[in-house]
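This report describes a sheet and the helices packed about it. The sequence and the structure are shown first.

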Amino acid sequence: MPSTSFILTLTCADQRGIVAAVSNALSALGGNIQESNQFRDTQRNRFFMRIAFHTEEPATVEALEARLAPIFTAFGMDAHLVDAERRPKIILMVSKFDHALLHLLYQIRVGWLEAEVAAIVSNHETSRPTAEAEGIAYHHLPVTKDTKPEQEARVLALVEETGADLVVLARYMQVLSDDLSRALAGRVINIHHSFLPSFKGAKPYHQAFERGVKLIGATAHYVTADLDEGPIIEQETERVNHALTAEDYVAVGRDIESRVLARAVRLHLQRRVLPNGHKTIVFSQG
């Protein structure tokens, strides 16, 4: 559908004239730049840019891409143009702990997060009442070691059927297979606790309590075949001390996880996160 609001992101080898060429091309299209961010990675000699712009007359993404193609080709750009007026679709995946899920739904309800939840997927029935209350389709897809390939095939089919732009692991306590991680590369965001030292396995917050950790943190990152090692989008820490109980640690951790995941999802949906090898370039607003 035609629109008047768009976001252009691009990356290419750093070279003279990129900003001028893009600005002139947008001006020729009747575009008015509303926000522009750029960064040069001197180590990799890569240039990154994000531009939000309006057009005088409604246009389609396809028509604008065709007009901008000569610029993309001339500079060897990896460029992506999206309609900023279209609400992205997301699928939320959750297990039993629903704090991150509930926070995302609230932020969508109040308009801070612009998204449409196409479905909630879980390997448990715990969050079905929440989905029904929100009028969101709920898919209970239990998984075992033997049924994992079939279950993940159903998840991938659901992504394709709904046209979901992003899958959010809102404390989904299952490791995605390498095949599914590759199939959805750059379209899955996970949240997990991040401590120094890192505690793996069951009850990480209780482990942290036993070790007297002074900082509790959370990391939101893209999912890759390397477990919990995908490009980082957002992080946060909060100080704790000896006066807190293990249950207090859990409460602090859940609060941080919810906030960090919501911010990461918002940054991604606003096209503010650009991949840069094993890292990301994040153009925060303001």
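Which residues in H3 meet which residues in H8? In this predicted model, His99, Ala100, His103 and Leu104 in H3 meet Arg254, Glu257, Ser258, Arg259, Leu261, Ala262 and Val265 in H8. By class, this contact of H3 with H8 has five nonpolar, three polar and three charged residues.

**Helix pair**

Two packed helices are described by the angle between their axes and the distance between the axes. Helix H3 spans residues 99-109 and helix H8 residues 246-269; their axes come within 9 Å and cross at roughly 45°. H3 and H8 are therefore oblique to each other. The crossing in which H3 passes H8 is right-handed.

**Sheet**

Strands of a sheet pair through backbone hydrogen bonds, either parallel or antiparallel. Here seven strands form an open sheet with mixed pairing, in the order S7-S6-S5-S8-S9-S10-S11. Its edge strands are S7 (138-140) and S11 (232-239), each of which pairs on one side only. On average, and with direction ignored, neighbouring strands of this sheet are turned by 15° against each other.

Three of the strand pairs are listed below, each with an example of residues that stand opposite each other or are bridge partners.

| Strand pair | Bridges and direction | Residue pair |
|---|---|---|
| S5 (residues 89-94) and S6 (residues 116-122) | Six, parallel | Lys89 and Glu116 |
| S5 (residues 89-94) and S8 | Four, parallel | Leu92 and Val168 |
| S8 and S9 (residues 188-193) | Three, parallel | Val168 and Ile189 |

Strand S8 thus deserves separate attention. Is S8 (residues 166-169) covered on one face or on both faces? Both faces are covered: Leu166 and Val168 on one side, and Val167 and Leu169 on the other, are all buried. Val168 stands opposite Leu92 in S5, and Val168 also stands opposite Ile189 in S9.

**Helices on the sheet**

Helix H5 (residues 148-162) packs on the sheet and touches S5, S6, S7 and S8. The direction of H5 makes about 155° with that of S5. Helix H8 lies across S5, S8, S9, S10 (215-222) and S11, and H8 runs at about 155° to S11. Strands S5 and S8 are among those touched by H5, and H8 also lies across S5 and S8. H8 therefore takes part in two arrangements described here: an oblique crossing with H3 and a position across strands of the sheet.

Notes
Residues numbered from 1 in each chain as written. Predicted model: local features only at pLDDT ≥ 70, side-chain atom pairs only at ≥ 80, totals over all residues. Heavy atoms only, no water. Axes fitted to C-alpha atoms, helices over the stretch in contact; angles between N-to-C directions. Parallel < 35°, antiparallel > 145°, perpendicular 65-115°, else oblique. Left-handed = near helix turned anticlockwise from the far one by under 90°. Contact = heavy atoms within 4.5 Å. Nonpolar A, V, L, I, M, F, W, Y, C, P; charged D, E, K, R; others polar. Buried < 20%, exposed > 50% of the residue type's maximum accessible area, 1.4 Å probe, protein only. Pairing = 2+ DSSP bridges.
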